[in-house]
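Trainee: Could we go through this model together, one question at a time?

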Amino acid sequence: MGEAHSMPVRGAIVAMTRDNIIGLNGTIPWHHSEDLKRFKRTTMGATIVMGRLTWESINCKALPGRRNIVISRNPVEKIESYTSVPEALEACDSDTWIIGGGQIYGASLYWISVLDVTYVPDRINDERAVRFPTIDPSIWEQTSSEPLGDSSLLNVIYRRR
Ligand SMILES: NC(=O)c1ccc[n+]([C@@H]2O[C@H](COP(=O)([O-])OP(=O)(O)OC[C@H]3O[C@@H](n4cnc5c(N)ncnc54)[C@H](OP(=O)(O)O)[C@@H]3O)[C@@H](O)[C@H]2O)c1
């Protein structure tokens, strides 16, 4: 009685360079174990939503301990899938994290209220690189910023204003 119930989180979690690069050639062009640990900690037990290409980048194997959802305009075998982001989110009533990639982040920003961004120090010079959409400061307020682990990574939380 009188207990506060917080609303489930609906956010995006991403690792990116200072210029918003998140991927190259169907993969993530760096490896930072502190970031992987944070990703696991944050998403464990929650629902994760990803685009079809990100699904293929993890070899079409569901990440354990989480409800995995894939977005594609076509049916996807052996995994829960939807043909649009709002349709997928409609089917989720607990904590939900959009986990990429670029297209799905772009299609999701409107529907979510938290961005969990880990900035990596890597520099990628390749015009084929995939990027996270621009984070508009008139929409998103930075509410925390702290080094992750060995401190070459910076985790920043943004909340919808
Ligand atoms: N750094 C990070 O944190 C991070 C996280 C995740 C991924 N990544 C990287 O990001 C890259 C993949 O990103 P990506 O942008 O190329 O692909 P993606 O967003 O993972 O998947 C794109 C696919 O999703 C479907 N899709 C996209 N928009 C849709 C919409 N509005 N409605 C319905 N379906 C839609 C389409 O599937 P169909 O073609 O089947 O219709 C499209 O081909 C990879 O390099 C991956 O490693 C990085």
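Trainee: Which residue in strand 5 is the bridge partner of Ile-69?

Mentor: This is a predicted model, where local features need pLDDT of at least 70, side-chain atom pairs count only at pLDDT 80 or more, and totals for chains, interfaces and linings use all residues. Residues are numbered from 1 along each chain as its sequence is written, and side-chain values use heavy atoms, without hydrogens and water. Strands (E, at least two residues) and helices (H or I, at least four) are DSSP runs numbered from the N terminus. Across from Ile-69, the partner in strand 5 is Glu-80.

Trainee: Over how many bridges do strand 4 and strand 5 pair?

Mentor: Two strands pair if DSSP finds at least two bridges between them. Strand 5 covers residues 80-82, and its pairing with strand 4 is parallel. The number of bridges is three.

Trainee: And which residue in strand 4 stands opposite Ile-48?

Mentor: Here we turn to strand 3, which pairs with strand 4 in the parallel sense over five bridges. One of the facing pairs is Gly-51 and Ile-71. Opposite Ile-48 you will find Asn-68.

Trainee: Is the crossover from strand 3 to strand 4 right-handed or left-handed?

Mentor: The chain leaves strand 3, passes through helix 2 and arrives at strand 4, a β-α-β crossover. Look with the strands pointing away from you: if the path from the first strand over the helix to the second runs clockwise, the crossover is called right-handed. This one is right-handed.

Trainee: How many residues of strand 4 are buried?

Mentor: Buried means under 20% relative accessible area, exposed means over 50%, and partly exposed lies in between (1.4 Å probe, protein chains only). Strand 4 spans residues 67-71 and is mostly covered. Of its five residues, the number buried is four.

Trainee: Which strands stand at the edges of the sheet?

Mentor: The open sheet has eight strands with mixed pairing, in the order 5-4-3-6-1-7-10-9. Each edge strand has a single partner, so one side of it is left without a neighbour in the sheet. The edge strands are strand 5 and strand 9.

Trainee: What does the twist average from one strand to the next?

Mentor: Picture each strand as an axis, a line fitted to its C-alpha atoms. Angles run from 0 to 180 degrees between N-to-C directions. From one strand to the next, the twist averages 25°.
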